[in-house]
Amino acid sequence: MKRFCHLLHAAVTLLACLVVCAFPISASAKDFVVVIDAGHGGHDPGAIGKISKEKNINLKVALKLGSLIQKSCPDVKIVYTRKSDVFIPLMQRAQIANNAKADLFISIHTNALAKNKTVTGASTWTLGLAKSDENLEVAKRENSVILYEDDYKSRYAGFDPNSAESYIIFELMQDKYLSQSVQLASMVQKEFKSQSKRIDRGVRQAGFLVLKESAMPSILVELGFISTPSEEKYLNTENGTASMANSIFRAFLNYKRAHEIRLNGSSQTVIPAAETPQEKPSETTTQAKPQEPRPQTPARESQPQAEQKPAPAQDASATGVPTVPIFKIQITTSSRPLRKGDPRFKGLKGVDCYQEGGLYKYTYGSDTDYNQIYRLRRTITSKFKDCFIIAFKNGEKMDVNQAIREFKARR
C-alpha cells in the first residue's frame, strides 16, 4: 500500500509537470519592465552649468518619472540603474536592463555646448549612425563617461569615445528595435512640446554605447541645455523637473497602450487629461508653436486622448448624422510616409493613413459594423499577421472595447 502511494504521488507530480510545460504562463502575466537610467553620477558630474551639475538634474527627473509610473501602473515594474549619487559604469547600466529582461530602457541626460553658445530645446535620441557633426559631438560627450573607468580600453574593445573612426561600428549595426525606439522617442518629443512647452529639437540618432548594449527598445533623452542660463534655471526648478518627468510619463503611457493593442487588440492603460502648466514657461519656450484646437468629444473614463484625426472623409460628424464608432483594421506602421503604390498594399482597396506618436499608421477597411470588419480581418491575416481592429468616433481614435460595447448596444 505504501509503495502504491509513492507511485501515485510520483504520477501526480509528473502529470503536474507535463501540464505546466504544455500550458506555460501567459505573457500577459509578466510585468511590463521599465529601466530608468539617470545619466552620470558619483565622481562623474556630467555637464556642469553655472549653478548645477547634470548628474543631479538627471536623477531628479528619473526618480519623479519612476514615481509617476508606479502610482499609475501597478502592472509595471520599475528598475533604476541608480537612485542616489553613485557612479555606475556605462556597460553595467545596459547589463542591468538586460538582466531585468526589460521591455523599455529610458536613459535621461542633460545637454551642453561649449563656448557659451545659447542653444535651447529638448531632444530624444535612438541608436544609429550620427548624420551630422553636431549629433556626433553629443555622442562623444555622453560616451566619454567610460574614461572614468579604469579598464575602459579592454572593457570596450579599444573604443575611443573622442575618435570619429571608432563610430564606424554604428554604420554596420542593425537595430531590430529601431522602429519601437523611434515610436517612443517621437511620443516623448510630442509631449515635451505640448505639455512642457519646450522647443522641439526632434528625434535624432547617434552612436551611444549605452543604447548599443541594451537588448530592448531604448531611448536617450536630452532634457535641455545646462550651458544655456535660462534653460539651466528652468531645469533646476521643481516645476521644471516635474514637467519634464510628466511629459516622459505621458509618452510612456501612450507607448504602453499601443504595445498592448498590438499584442492583444485592446488595452486597459488610461492616458490622463492634459495638464495646464502651473507657471508660465521661460523665455526659452515661447518659440514653440501653439497647438491647434481639436474638436471636443464626450468624456469617457476609458478613452485616451487622440493624437490626430483620420482623413476627413471618415469623420461622420461633418454630415450632421448621429455619429457611431467606425471600425478599421490597422495593418502596418512606418516612420515615414509610404508611397501609394507600395507593394505591401497590393490587392487592397481603400487603404487609409493617420498619424500617431510620430508614426504613419495604415488601415484597411472602414465600417460601423464590427462583425463586417472582424470578418474582413480574417481575410488578410495571412499577409498581415499582426493586424488588429481599431475604432474612431467623431474623427477621434477611441478605445476599441468601448466601441464594441456601443456597437452591441445599437443592435
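This report walks through the two sheets of a predicted model and the helices that pack around them.

**The overall picture**

The protein has 411 residues, and 49% of them are buried. Its chain folds into 11 helices and 11 strands. If you take the contacts with a separation of 6 or more, 77% of them join residues 24 or more positions apart.

**The six-stranded sheet**

Start with the open sheet made of six strands, which line up as β2-β1-β3-β6-β4-β5 with mixed pairing. At its edges stand β2 (76-80) and β5 (200-206); each has a single partner strand, so one side of each is left without a neighbour in the sheet. On average, neighbouring strands here are turned by 20° against each other, if you ignore direction.

Now for some of the pairings. β1 (residues 32-38) runs parallel to β2, and the two share five bridges. To find one of these spots, look for Phe32, whose bridge partner in β2 is Val76. Two helices to look at next both pack on this sheet. Helix α2 (residues 54-72) touches β1, β2, β3 (104-111) and β6 (218-225), and its direction makes about 145° with that of β3. Helix α6 (residues 178-194) touches β3, β4 (122-127), β5 and β6, with its direction at about 175° to that of β4.

Strand β4 is worth a pause. Six of its six residues are buried, so the rest of the structure largely encloses this strand. β4 runs parallel to β5, joined by five bridges, and Trp125 has Arg204 as its bridge partner in β5. With β6, β4 pairs in the antiparallel sense over three bridges; there, Ser123 has Glu222 in β6 as its bridge partner.

**Where helix α9 comes in**

Both α2 and α6 also meet helix α9 (residues 238-264), starting with α2: the axes of α2 and α9 come within 8 Å and cross at roughly 50°. α2 and α9 are therefore oblique to each other, and α2 passes α9 in a right-handed crossing. On the α2 side, the contact is made by Lys60, Val61, Lys64, Leu65, Leu68, Ile69 and Ser72, while the α9 side includes Glu238, Thr241, Ile248, Phe249, Phe252 and Leu253. Sorted by class, the residues of this contact are 10 nonpolar, three polar and three charged.

What about α6 and α9? Their axes come within 8 Å too, crossing at roughly 140°. That makes α6 oblique to α9, and the crossing of α6 past α9 is right-handed. Residues of α6 such as Leu184, Met187, Val188 and Phe192 take part, and they meet a set in α9 that includes Met244, Ile248, Phe252, Tyr255 and Arg262. This contact has 10 nonpolar, four polar and three charged residues.

**The five-stranded sheet**

Further along the chain, five strands form another open sheet, in the order β8-β9-β7-β10-β11, with antiparallel pairing. Its edge strands are β8 (351-356) and β11 (396-398); each has a single partner strand, so one side of each is left without a neighbour in the sheet. The twist from one strand to the next averages 45°.

In this sheet, β7 (residues 326-334) and β10 (residues 388-393) pair in the antiparallel sense over five bridges. Ile329 has Ile389 as its bridge partner in β10. Helix α11 (residues 400-410) packs on the sheet, where it touches β7, β10 and β11, and its direction makes about 70° with that of β10.

Which residues cover the two faces of β10? On one side, Phe388, Ile390 and Phe392 are buried, and on the other Ile389, Ala391 and Lys393 are buried as well. That fits the count for the strand, with six of its six residues buried.

β10 also joins β11 through three bridges, and the two run antiparallel. The bridge partner of Ala391 in β11 is Met398. Two residues lie between the strands of this hairpin, and Asn394 takes a positive phi near 55°.

**Strand pairs at a glance**

| Pair | Sense | Bridges |
|---|---|---|
| β1 and β2 | parallel | five |
| β4 and β5 | parallel | five |
| β4 and β6 | antiparallel | three |
| β7 and β10 | antiparallel | five |
| β10 and β11 | antiparallel | three |

Key:
Residues numbered from 1 in each chain as written. Predicted model: local features only at pLDDT ≥ 70, side-chain atom pairs only at ≥ 80, totals over all residues. Heavy atoms only, no water. Pairing = 2+ DSSP bridges. Helix = DSSP H or I, 4+ residues; strand = E, 2+ residues; numbered from the N terminus. Axes fitted to C-alpha atoms, helices over the stretch in contact; angles between N-to-C directions. Contact = heavy atoms within 4.5 Å. Parallel < 35°, antiparallel > 145°, perpendicular 65-115°, else oblique. Left-handed = near helix turned anticlockwise from the far one by under 90°. Nonpolar A, V, L, I, M, F, W, Y, C, P; charged D, E, K, R; others polar. Buried < 20%, exposed > 50% of the residue type's maximum accessible area, 1.4 Å probe, protein only.
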